[in-house]
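Me: I should like a close look at one part of this model, namely its interior. Please describe it in one connected account, with the cut-offs of each term.

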Amino acid sequence: MSWWRWIWLDLLSVVKDRAIALTLFGGISFYAILYPSPYLNNVPTAQALVVVDLDHSALSRQMIRHADANPGISVKGYAASTDEARQWLIDGRASSMLVIPEDFRHKLLRGKQVTLGYGGDASYFLIYSAVVQGLTQAGLDIGHQVQLRGLLAQGTNPTKAEKSLDAISLNAVSVFNKGLGYPAYVIPGLFLLILHQTLLIGTGILGAGQWRQHGYWHQLSPLAIVLCRIGTFTLLYCFFSAFYIGWCYYLYGVGLLASLGQVLLLMLPFLLATACCGVAFSTLFNRRDLPTQVLLLSSMPILFVSGFVWPLTLIPQPLVWLSQLVPAVPGIMGMLQLNQLGADWSQLLPRWLQLWGLLALYLPLAWWGVHRRCKQLALTAA
């Protein structure tokens with residue numbers, strides 16, 4: 001029988017196995033919708049704010065209007081005290097509160113510093129950050145206007161007064177994430193992690209269930225089994241990769257800076273190394289449920305040690321070194337550098353070579369594991 005015939009039989013085994021088919025086809029489709037959904041709005045907007053206005057002045061009301069005009073904040077109501085405002089937060093009617101002190105207008109007009117009170121649930125750091133930034137900007141705007149009025153009252157030229165208050169103009173330009181949104185930041189690395197984990201789970205379930213059974217795979221040598229399985233899952237995941245990196249990137253507006261040839265050149269060793277790692281990994285189990293359990297527990301640690309959601313300097317160095325044995329780590333960082341940061345191929349070369357090195361590492365391990373399993377099955381049959 002030809003190699004294509006063996007690969008075709010392997011593909012049929014994948015499709016006919018409900019657990020594997022659900023993990024691969026269902027998981028890839030489900031995660032393509034589930035994970036990006038919380039980030040589709042890019043940044044938190046119109047967060048509910050309750051106001052405690054103890055000053056009741058025209059300036060305090062102007063402060064509230066400025067806060068409500070900020071896209072990240074929506075004033076939902078007023079409370080008579082901080083205790084009442086805190087109850088709003090407990091009941092879920094608001095996510096944050098603003099406390100304006102009773103001497104707000106008096107101190108501002110006399111040129112003294114005023115302390116505004118912000119409160120909120122900091123466990124939702126994105127919401128808390130959006131509210132704090134919005135209220136800070138509103139407070140700065142009010143202070144700017146009061147200072148401008150004072151200068152104009154002293155007879156200062158309006159143009160000079162504006163320039164004196166805005167001596168330094170900040171022009172913030174985002175280099176890579178043009179929209180400053182979360183999809184362009186999270187999705188590229190997350191999708192590669194999904195491809196990595198589902199591929200390992202698929203090979204793990206298939207291998208763990210077949211080592212104790214007789215079938216077409218026992219007509220091949222251990223090396224042929226390994227190569228055939230690598231070819232099967234690499235071929236299958238070429239289509240999944242095209243779905244994620246092609247259609248899903250376009251759907252969610254993720255930036256694409258690399259050429260098609262560069263992406264293919266990077267994905268080839270990534271898929272080969274991951275498939276080979278999966279075959280080696282599958283020889284460690286006799287139960288079909290164990291690979292899924294182990295890999296699901298490892299997903300979050302792999303996500304953090306990949307370096308794009310948490311600084312590597314804050315992770316213990318031994319864990320960083322150990323993570324380099326996981327194909328997802330150089331694969332994710334390589335894709336981000338190439339496709340999102342616009343790196344040259346020379347800058348990506350070390351990670352590309354690392355993926356080929358992982359393939360060279362896991363190939364003999366996979367052969368040894370399959371060889372050991374075949375010997376055990378032969379002894380059991382005898």
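Reply: The account below begins with the whole chain, turns to the interior, and ends with the surface and the charged pairs.

The model is a predicted one, in which local features need pLDDT of at least 70 and side-chain atom pairs count only at pLDDT 80 or more, while totals for chains, interfaces and linings use all residues. Residues are numbered from 1 along each chain as its sequence is written, and side-chain values use heavy atoms, with hydrogens and water left out.

The protein chain contains 14 helices and four strands; helices (H or I, at least four residues) and strands (E, at least two) are DSSP runs numbered from the N terminus. Of its 382 residues, 45% count as buried, where buried means under 20% relative accessible area, exposed over 50%, and partly exposed in between (1.4 Å probe, protein chains only). Contact means heavy atoms within 4.5 Å. Among contacts between residues at least 6 apart in sequence, 78% join residues at least 24 apart.

A nonpolar core is a set of buried Ala, Val, Leu, Ile, Met, Phe, Trp, Tyr and Cys residues joined through side-chain atoms within 4.5 Å. The largest such core has 72 residues, and Y237 and M267 have the most contacts inside it. At least two residues each are supplied by α1 (3-16), α2 (18-34), α8 (183-210), α9, α10 (260-282), α11 (290-305), α13 (328-340) and α14. With 14 residues, α8 provides the largest share of this core. Apart from neighbours within four places in sequence, M267 touches L192, L195, S241, I245 and M335. A second, separate core holds 19 residues, including V51, A67, I73 and V146.

Elsewhere in the interior, S96 is found in strand β3 (residues 96-100) and is buried, at a relative accessible area of 2%. Leaving aside neighbours within four places in sequence, S96 is in contact with A48, L49, V50, L89, G119, G120 and V131.

The UniProt record, an unreviewed entry, lists "transmembrane region" for residues 20-37, 185-208, 220-243, 249-282, 294-313 and 348-370; UniProt positions are given in the numbering used here, feature names are shortened, and annotations may be inferred rather than shown by experiment. In the model, residues 185-208 are 100% helix and 0% strand, with end C-alpha atoms 36 Å apart. Residues 20-37 are 83% helix and 0% strand, and there the end C-alpha atoms lie 25 Å apart.

On the surface, W3, L223, L227, W367 and W368 form a nonpolar patch with about 530 Å² of accessible area together. Patches are made of residues with over 30% relative accessible area and no salt bridge, like charges being joined within 9 Å and nonpolar side chains (Val, Leu, Ile, Met, Phe, Trp, Tyr) within 5 Å. Accessible areas come from the Shrake-Rupley method with a 1.4 Å probe, and for residues only the protein chains shown count as cover. Helices α9 (222-251) and α14 (345-381) each supply at least two residues of the patch.

A salt bridge is a side-chain nitrogen of Lys or Arg within 4 Å of a carboxyl oxygen of Asp or Glu, and four are counted by this rule. In one of them, R288 pairs with D17, the closest N and O atoms being 2.8 Å apart. Because R288 lies in the loop between α10 and α11 and D17 in the loop between α1 and α2, the pair ties together parts that are 271 residues apart in sequence. D17 is buried, at 14% relative accessible area, whereas R288 counts as partly exposed at 31%.
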